[in-house]
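Got a few minutes to poke at a model together? Here's a short round of questions and answers to go with it.

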Amino acid sequence: MASRPRIRAWRPEVPGLAEVLHGSFPEHAYPAHTHDTWTVLLVDEGTVRYDLGRHERATTRARVTVLPPHVAHDGRSVEAGGFRKRVLYLDADRIDAERVGPWVDDPDVGDPVLWRAVDRVHRVLAHPGDELAAESGVALLGERLGRRAARLAPAAADRAPGLARRLRELLDARVVEGVTLAEAARVLGADPAYLVRVFRAEVGVPPHRYLVGRRIDAARRALLGGERPADVAARVGFHDQAHLHRHFRRMLGVTPGEYARSA
């Protein structure tokens, strides 16, 4: 029988911090997906290979990996024993969204000072009552990451083609009720097939997978807030609990119920 992932996920009462996840993944491989947050990743054991911006990359211990919001990535273990990781999901406004380019081009940072800063936030979060220290750590971490991006690339106009950006905004506004490709094409004044090609070329995943990712993000937050999987499914846009279960397990390697109990 295949080994199952072991995770702990929670939502601290810390401004700017959407979620924290600690997990051990013996065999799980993440499919390509996006987040609406910044993903700040430490790998404590093993090596994770992933694709970002149409380039294959890998991260190991002593490196901090920063993945920007709305940019597709996947993840898989290089070694037979899998990997163990800790993740901070920072709100999108913690780092200037116009400076995602440096993180797509160079997401893995071999900076011991930065690694210790991220590690310190995780350690502080382990002790209830130290929320002020955690909030200070998150604020300083966002500032440090923003300064690095500013050094590598000046603020620039939105790099995303207008059509892909407009479709992403439409999907973000219709996460629960959804939107058909025909309706999106009509609203945006574009050919449906061309719309899919443009979106996939810019974001890295097709529109339907992007929408599933947004729904899973919403489900994760609701589950960590104490809601039942049966109630969460329809509220975030899935057809039923089985629909949520299938996509959630494919993405994270655990069921919604297991995820909720990890908090």
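A quick definition before the pocket talk: a pocket here is an open set of grid points with protein on both sides within 12 Å along at least five of seven lines, and its volume is the space filled by probe spheres set on the points. Keep in mind that this is a predicted model.

Q: What is the volume of the second largest pocket?
A: Its lining is made up of 13 residues. Filling the second largest pocket with probe spheres gives a volume of about 210 Å³.

Q: Which helix supplies the largest share of the lining of the second largest pocket?
A: Two helices, α2 (112-125) and α3 (131-152), each bring at least two residues to that lining. Nearest the pocket centre lie Ala117, Arg120, Gly137, Leu140 and Leu141. The largest share is 7 residues, and it comes from α3.

Q: How many residues in the lining of the second largest pocket are charged?
A: The lining has 13 residues. Of these, 7 are nonpolar and 1 is polar, and the charged ones number 5.

Q: How far apart are the end C-alpha atoms of helix α4?
A: Helix α4 runs over residues 162-173, which makes 12 residues. At 1.5 Å a residue, the expected span is 16 Å. The model agrees with that, as the end C-alpha atoms are apart by 16 Å.

Q: Which helices do the buried residues of α4 pack against?
A: The buried residues of α4 are Leu163, Ala164, Leu167, Leu170 and Leu171. They cover an arc of only 125 degrees around the axis, so they sit on the same side of α4. Their packing partners are α5 (181-188), α6 (192-203) and α7 (207-224).

Q: Is Asp44 buried or exposed?
A: Asp44 lies in strand β4 (residues 37-45). Leaving out residues up to four places away in sequence, Asp44 touches Arg61, Arg84, Lys85, Arg86 and Trp115. Its relative accessibility is 9%, and the cut-off is under 20%, so Asp44 counts as buried.

Q: What is the phi of Ala62?
A: Most residues other than glycine have a negative phi. Ala62, found in the loop between β6 (55-59) and β7 (64-67), is not a glycine, yet its phi is positive, at about 75 degrees.

Q: Where is His70 found?
A: His70 is not a glycine either, but has a positive phi of about 65 degrees. At 17% relative accessibility, His70 counts as buried. Its place is the loop between β7 and β8 (73-77).

Terms used
Residues are numbered from 1 along each chain as its sequence is written. This is a predicted model: local features need pLDDT of at least 70, side-chain atom pairs count only at pLDDT 80 or more; totals for chains, interfaces and linings use all residues. Side-chain values use heavy atoms; hydrogens and water are left out. Helices (H or I, at least four residues) and strands (E, at least two) are DSSP runs, numbered from the N terminus. The expected span of a helix is 1.5 Å times one less than its number of residues. Buried means under 20% relative accessible area, exposed over 50%, partly exposed in between (1.4 Å probe, protein chains only). The arc is that of the directions from the helix axis to the C-beta atoms. Contact means heavy atoms within 4.5 Å. On a 1 Å grid over the protein atoms alone, a cavity is a set of points where a 1.4 Å probe fits but cannot get out, and a pocket is an open set with protein on both sides within 12 Å along at least five of seven lines; lining residues have an atom within 4 Å of a point. Ala, Val, Leu, Ile, Met, Phe, Trp, Tyr, Cys and Pro count as nonpolar, Asp, Glu, Lys and Arg as charged, and the others, Gly among them, as polar.
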